[in-house]
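Work through the two exercises below with the model open beside you, and compare each step of the solutions with your own inspection.

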Amino acid sequence: MGKVNLLVKYCLINTKDEYNINGILIDNTLKFLDKDSKMILDFKTNTLKRITKFLEIVFAFNEKICFIIDSENKRKFHFHFDLLELENKKNYFYVKYKIESDNFEIEIFIN
């Protein structure tokens, strides 16, 4: 499909953020830059990957597990989270999940 316009909304630990950004959508995979990191959302597998300078964080929403790889210290670990809600429709992705006592939400609209 190519270049797309996105509206991205986050609610992370009592912090809300909303912004418009461009991304690339190819074969059910959306790639976009989020401040200091690259984001890759795979609509087929419901996975969201965040790549920063030192970390790679992968949320596998279907499996309710998060993998973190620290490239600087060569550490790898994972943890489980509670999936509260997941919507994956054409041009729309929404997930709400809970880690310990904190709720998180990510919402992406493709224009």
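**Exercise 1: a buried acid**

Establish which side chain of opposite charge is nearest to D70, and how far away it is.

Solution. D70 is buried (under 20% relative accessible area) yet has no salt bridge, since R75, the nearest side chain of opposite charge, is 5.7 Å away; a salt bridge would require a side-chain nitrogen of Lys or Arg within 4 Å of a carboxyl oxygen of Asp or Glu. The side chain of D70 does make a polar contact with the side chain of N73 at 3.0 Å, where such a contact is a pair of N or O atoms within 3.5 Å, one able to donate a hydrogen and the other to accept it. Leaving aside neighbours within four places in sequence, D70 is in contact (heavy atoms within 4.5 Å) with F54, L55 and R75.

This is a predicted model, in which local features need pLDDT of at least 70 and side-chain atom pairs count only at pLDDT 80 or more, while totals for chains, interfaces and linings use all residues. Residues are numbered from 1 along each chain as its sequence is written, and side-chain values use heavy atoms, with hydrogens and water left out.

**Exercise 2: the strands around it**

Determine which strand holds D70 and which residue stands opposite D70.

Solution. D70 is found in strand 7 (residues 65-70), a strand being a DSSP run of E with at least two residues, and D70 stands opposite R75 in strand 8. Six bridges join these antiparallel strands, and pairing needs at least two. Among the six residues of strand 8, the count of buried ones is zero.

How values were computed: Helix = DSSP H or I, 4+ residues; strand = E, 2+ residues; numbered from the N terminus. Buried < 20%, exposed > 50% of the residue type's maximum accessible area, 1.4 Å probe, protein only. Lys, Arg positive; Asp, Glu negative; His and termini not counted.
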